[in-house]
Amino acid sequence: MEVDTCTSPRVNNVSTSRTSVIMDKAKALAQAGVPIISLCAGEPDFDTPTAITQGGVKAIMEGHTRYTPNGGTLQLRTAICRKLKEENEIVYSPDEVLVSNGAKQSIFQAMLAVCSPGDEVLIPAPHWVSYPDMAKLADATPVILKSLMSDNFLLNPDHLKSKLSAKSRLLILCSPSNPTGSVYPRELLTQIAKIVASHPRLLVLSDEIYEHIIYAPAMHTSFASLPDMWERTLTVNGFSKAFAMTGWRLGYLAGPKHFVTTCAKIQSQLSSCANSISQSAGESALRMGKAGGEVVATMVTAYRERRDFLLQFFKDLQGVKVSHPQGAFYLFLDLSYYYGVEAQGFGLINSSESLCCYLLDQAQ
């Protein structure tokens, strides 16, 4: 008798992360001895700061290796509340914070918690590759809001208005942006907040994972700090990017208690608590000073120098268009000039994904 190999329609409706596909390909080539410089994952090339790693080692040596409360240790949640108050001008209590295994888990749980079948999740594009598929897994419909390079890939409020409907449930804002590096100025966020306020069902998921990687004169504004937006906003942040802790898998969500409690219920059945050692290391990170102190500032200076060098490099490259990032550590390139080219030994380049594969396979 043959085994039924059918899989869930919900999962069949989801694609594998393109970032993961290219990253796996790059790693395979590197393991085969091919000299690869992998730029596919959103990951700092700095080591985790010593003060943080020492906090992790101390936790191990002192035996903090057991389950913590589902939502995270009280010490870490209290430290997060202090950080959000002092740096972001948002006030939360520890029971309004949920610590998870990375901001990615925080975002997915938020979608599962607030979306019903048929609800719409509005996603400004260009966007992080996982947002639409997370929405699909939550039985919601992703609605992509296009933006223009001439607007530095910032969401146009009039375009947002035109896409809102009775089904609109969640607007995702990522600032500084993955993948464009664009930073939403306070004035634009205020315009968006007024639109959000006029739609009773509409919530905002504010993905602020890159908040400390920002280049003056740009300034970060937390959406929940705007008038009347605290009740509507789920703020997601974490330690991976600013503190170079991608492998530690530590993120958090802050918001109104009824939403956070629902997310915690999901987490209790999905993964339980975040890694106990990582949580201790996270406490150490938050003791390094405002915005990570001098150590993070040194990393940000390096990112800015690299950004400035690459902007000049690509400016002189034929057919390439590039926006001017004000934060994060990405350049968002328009390489469509090269689409339609038949590359010898490879084939047709007709998309960003095929161009990446060509560069990995042929342009070593």
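## Two residues with positive phi

Asp-228 sits in the loop between β5 and β6. This is a predicted model, and in it the phi of Asp-228 is near 65°, a positive value in a residue other than glycine. What makes that worth a look? Most residues other than glycine have a negative phi. As for its surroundings, Asp-228 is exposed, with a relative accessible area of 63%; exposed here means over 50%.

Ser-272 is another case, with a positive phi near 60°, and again this is a residue other than glycine. You'll find Ser-272 in the loop between α9 (257–270) and α10 (276–286). At a relative accessible area of 31%, Ser-272 counts as partly exposed.

## Cis peptide bonds

Most peptide bonds are trans, so the next ones are easy to pick out when you scroll through the backbone. Ala-125 and Pro-126 are joined by a cis peptide bond, with omega about 0°. Pro-126 belongs to the loop between β2 (120–124) and α6 (130–137).

Further along the chain, a cis peptide bond links Ala-216 to Pro-217, and there omega is about 10°. Pro-217 is in the loop between β5 (203–207) and β6 (233–238), and Asp-228 has its place in the loop between β5 and β6 too.

## Helix α2 and its buried face

Does helix α2 come out at its expected span or away from it? With 14 residues (18–31) and 1.5 Å a residue, α2 should span 20 Å, and its end C-alpha atoms are 20 Å apart, which agrees.

Which residues of α2 are buried? They are Ile-22, Ala-26 and Leu-29. Looking down the axis of α2, you'd see these buried residues fall within an arc of 60°, so they line one face of the helix. The general rule fits in here: an α-helix has 3.6 residues a turn, so residues three or four places apart point the same way. Part of the cover over the buried residues of α2 comes from α12 (352–361). Just after α2 comes Gly-33, with a positive phi of about 95°.

## Strand β1 and its partner

In a regular strand the side chains alternate between the two faces of the sheet. Strand β1 (residues 97–100) goes like this: Val-97 and Val-99 point one way, Leu-98 and Ser-100 point the other way, and all are buried.

Which way does β1 run against β7 (residues 251–254), parallel or antiparallel? The two strands run antiparallel, joined by four bridges. For a spot to click on, try Ser-100, whose bridge partner in β7 is Gly-251.

Definitions and conventions: Residues numbered from 1 in each chain as written. Predicted model: local features only at pLDDT ≥ 70, side-chain atom pairs only at ≥ 80, totals over all residues. Heavy atoms only, no water. Buried < 20%, exposed > 50% of the residue type's maximum accessible area, 1.4 Å probe, protein only. Pairing = 2+ DSSP bridges. Expected span 1.5 Å × (residues − 1). Arc of directions from axis to C-beta. Contact = heavy atoms within 4.5 Å.
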